[in-house]
Amino acid sequence: MSISENCIAINKSLPRHVALVAVSKTKSVAEIMQAYDTGQRVFGENKVQEMEGKWQEMPKDIEWHMIGHVQRNKVKYMAPFVSLIHAVDSERLLKEINKQAKKNDRVINCLLQIKIAKEDSKFGMSEAAAKTLITSEAFQNYKNVSVVGLMGMATFTENEEQVRSEFKELKRIFDDFRRIQEKLTIVSMGMSGDYNIAIEEGSNMVRVGSAIFGARNTI
Ligand SMILES: *Cc1c(COP(=O)(O)O)cnc(C)c1O
């Protein structure tokens, strides 16, 4: 199937409360336009400068989501336009986003990345660290960031029960945090291989790349 057929089919298959972030990292402007032309407007990238280049070149009604790990010195390049940063994993990063958002006279929406995978390679905060952050006094003073939800990545494994239990865990943390911070509305979990499980476990934002655009060339 083509990129546009994949994009239409996946959008059709999702429940209405689930948003689709089309993960376009490594893909060309021409390929991304095939998804855009079906009506898709939300795209996810994992490298700041690649996203900035695409933002410059492409239609301005695209919402660009930064889904990858962010280095603090790169925040300034996306602060003028990014619409959601998924993987905030420290207070230092949040503070830098707040600073750059302020310079641009914006409020930038962010998700806190929670480490749910059992494997070591995944970034993210512990539940306890995230809770300490959202209840801290400093947090209330970051007027140019808005933490609107949580993001997580499951372990890369064939074991469906493990993936399911990690998603369940993120949803449990989300429900718990919502009692303290009612602005939290987004649970970003699920990728090409596991988004149906994620939705069953309460995801309302999925990040799907290869199921739309085909396999990426790994470098
Ligand atoms: C690349 C990426 C995805 C999409 O992965 P696919 O398996 O191609 O759907 C989702 N989330 C993050 C954080 C990614 O880096």
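In this predicted model, Lys 54 and Glu 50 are joined by a salt bridge whose closest N and O atoms lie 2.8 Å apart. Both residues belong to helix H3, where four residues, or about one turn of the helix, separate them. The two partners sit in contrasting surroundings: Lys 54 is buried, with a relative accessible area of 6%, whereas Glu 50 counts as partly exposed at 25% relative accessibility.

Lys 54 has a further acidic partner to consider. Its side chain also meets that of Glu 45 in a salt bridge, with an N to O distance of 2.9 Å. Glu 45, like Lys 54, is buried. Lys 54 thus takes part in salt bridges with Glu 50 and with Glu 45.

Another pair brings together distant parts of the chain. Asp 61 forms a salt bridge with Arg 41, and the closest N and O atoms are 3.1 Å apart. The residues are 20 positions apart, with Asp 61 in the loop between helix H3 (48–57) and strand E3 (63–66) and Arg 41 in the loop between helix H2 (29–36) and strand E2 (42–45). Asp 61 is partly exposed, its relative accessible area being 41%. Arg 41 is likewise partly exposed, with a value of 27%.

Turning to higher residue numbers, a network of salt bridges links Glu 160, Arg 164, Lys 168, Glu 200 and Glu 201. Across the whole structure, the search finds 12 salt bridges, among them the pairing of Asp 61 with Arg 41.

Conventions
Residues numbered from 1 in each chain as written. Predicted model: local features only at pLDDT ≥ 70, side-chain atom pairs only at ≥ 80, totals over all residues. Heavy atoms only, no water. Salt bridge = Lys/Arg side-chain N within 4 Å of Asp/Glu carboxyl O. Helix = DSSP H or I, 4+ residues; strand = E, 2+ residues; numbered from the N terminus. Buried < 20%, exposed > 50% of the residue type's maximum accessible area, 1.4 Å probe, protein only.
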